[in-house]
Amino acid sequence: MAVTGLYKHLVRHKIFIEWRRYFLDAEHSRKMLRLPRVVKPRACFLLKKLAWRVAMDEIEQMQNKQVNHIDDALKLAASRVLATSLSSLMQMPNRDRLIYHFEDLTVDCSRQLLDDDGLTALFQLADACHLPDRIHDMFSGVPINITEDRPAQHVAVRRPDHQASEAYQKLSAFAESVRRNPAITAVVNLGVGGSDLGPKMVTQALAGYHDGPACHFVGNICPTDLHDVLVQCDPHTTLFIITSKSFTTAETLANAMVARQWLVQHGADVGSAMVAVTAAGARAQEWGIDLDHIFAFADGIGGRYSLWSSVGLPIMIAIGSDDFSRMLAGAYAMDCHVQHTALQQNIGVIMGLLRVWCRHYLHLPTYGLIPYDQRLASMPAWAQQLDMESNGKSVDRYGNPLTHPAGPLIWGATGTSAQHSFFQWLHQSVDIAPIDILVAMQPAAGLDNQIWHDHHKSLAINAVAQAEALALGASNLDEPHRHFSGNRPSVLISWDQTTPYALGRLLALYEHITVISGFIWDVNSFDQWGVELGKRMAHQIQSAEGLERFSPAAQAFLDRLNKPRT
Ligand code: F6P
């Protein structure tokens, strides 16, 4: 699959650097090749280069053979399970081998279209792709984001020692001051993509821990987004957080401009009512934000991986720095699990391999996330950016065209509501879509009376019932429209209760699933060049540059758009 990447990957590994130096050191080679002193060093060097090339080709062929062999085994495993029923696979002895536990988190993969040999071959693939090295490189700050020459630093801000850092101390002190300040009744986060989806999703998911001022999230340039929030806010008691890693995003800056005008119009103090969260402090200062009110984060933290950093300021204001720290602790626990656990017991690795298995070997182009928790309603949208902006690629990290599809289309909605919308498709469509069903075993904190416990029990029962129904089906050949073929894979993920710790652990798991499947597909999961063209063309239209390149249909649309309103 990723042989060229592998070869370059190996080259990057010191082993080969050493060997290469050993190989290419003219003097050394003369001795090694027992060549008389008279032979010019230049000649030795060229000879060695040739030998090196030969050695590398040999290694490449060796790796090719190994990976192709594994690839063949996986293709065989896929055709085998597609000819088997999931219900018979689920009855296999020691099927509970596919049920993994980490603390109170249970990841039940027993309803996957996968048999033992298939799983073994997946672990061999992980080895052949040097997955432990790749994971190690990420945690040790190697610049694995090679197109931007940056490390992936989202894991670094989850480490406990980060909370002693000046940046974190400044952030938590500010968040606590806002929470203590009765003059601030509302906080509006202005940000889009990773500067919106993560903090919005977590603030919503932990609504039960929310004891700070009201929090609003505005990301869209659609005027209704900011308008509908401003009408709920008092300009004299509202704090705006301009969250933008680049501090160049058009929507965010346009919304910030309108917010500033709104404050000025109402005679509010802009200096104290606007702060910025960014990796581009100088730009925020230029825009007019006081240095004390700029909360920085590292360039190596990708937007879609950034909710743990200063981008989490609205979360910290909503739930407090103690619960925020508990969320980081949950994520850090998952980081340690992924970093130090053997592949065969490593939940991040297994879920990452299952992503590749479903997409590449079972040819299932989409993957659904169904949280059975109304407060996790924004999780699928967060996971969409996380996974599709990371692995929605058609070249490997070195720019070579992929010979296989990479990341799936991610979609989802909450259970049980989704049972009454697209579950018809999930159960009876010709197409099959693997899904994750996510459910806590207990209702959220504070919902202690029996009524809520009964409601929650019914929620969890529906979650497992749907997983079983999709897998086992129900044959009814007399009434084909009532026939359920089954064989529809899912992973049932459950934990005790959705606390800040449990949520941090769960979200970190999904980040690792994305990164690890990206390592296997050998794409760069940390860049997003694909978002640039649309922005560039919008900018060209806005500045009326190069309009001739646009289609007649677009020209006609623009003519109608620019028609003076009577
Ligand atoms: O356009 C995509 C993107 O760059 C995302 O990767 C990012 O999360 C979002 O826009 C917002 O970017 P910024 O935080 O720089 O405003």
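**View 1. Helix α19 and the second largest pocket of this predicted model.** Helix α19, residues 450–472, gives the most to the lining here, with four residues. (Helices are DSSP runs of H or I with at least four residues, strands are E runs with at least two, and both are numbered from the N terminus.) The pocket has a volume of about 380 Å³. Its lining counts 22 residues, and D373, Q374, L447, H456 and L459 are the closest to the centre. By class that makes eleven nonpolar, nine polar and two charged residues; Ala, Val, Leu, Ile, Met, Phe, Trp, Tyr, Cys and Pro count as nonpolar, Asp, Glu, Lys and Arg as charged, and the others, Gly among them, as polar. Because domain 2 (91–113 + 341–527) and domain 3 (156–326) both contribute lining residues, the pocket lies between them. The domain bounds come from an automatic or database assignment.

For all views, residues are numbered from 1 along each chain as its sequence is written, and side-chain values use heavy atoms, without hydrogens or water. As the model is predicted, local features need pLDDT of at least 70 and side-chain atom pairs count only at pLDDT 80 or more, while totals for chains, interfaces and linings use all residues.

**View 2. The largest pocket.** This one has a volume of about 1,200 Å³. Among its 40 lining residues, S246, T249, V531, E532 and K535 are the closest to the centre. Helix α21 supplies the largest share, seven residues. The lining has twelve nonpolar, 17 polar and eleven charged residues. (A pocket is an open set of points on a 1 Å grid over the protein atoms alone, where a 1.4 Å probe fits, with protein on both sides within 12 Å along at least five of seven lines; lining residues have an atom within 4 Å of a point. Points are joined across faces, edges and corners, and the volume is the space filled by probe spheres set on them.)

**View 3. The ligand and its surroundings.** The ligand is surrounded by 14 residues (a heavy atom within 4 Å), and S195, S244, K245, S246 and T249 are the closest. Ligand oxygen atoms pair with polar side-chain atoms at 2.7 Å for S195, 2.6 Å for S246 and 2.5 Å for T249. Each is a polar contact, a pair of N or O atoms within 3.5 Å.

**View 4. Two backbone oddities.** G415 and T416 are joined by a cis peptide bond, with omega about 5°. T416 sits in the loop between β9 (409–412) and α18 (423–428). F247, which is not glycine, has a positive phi near 55°.

Conventions. Polar contact = N/O pair within 3.5 Å; in protein donor to acceptor, adjacent residues only side chain to side chain.
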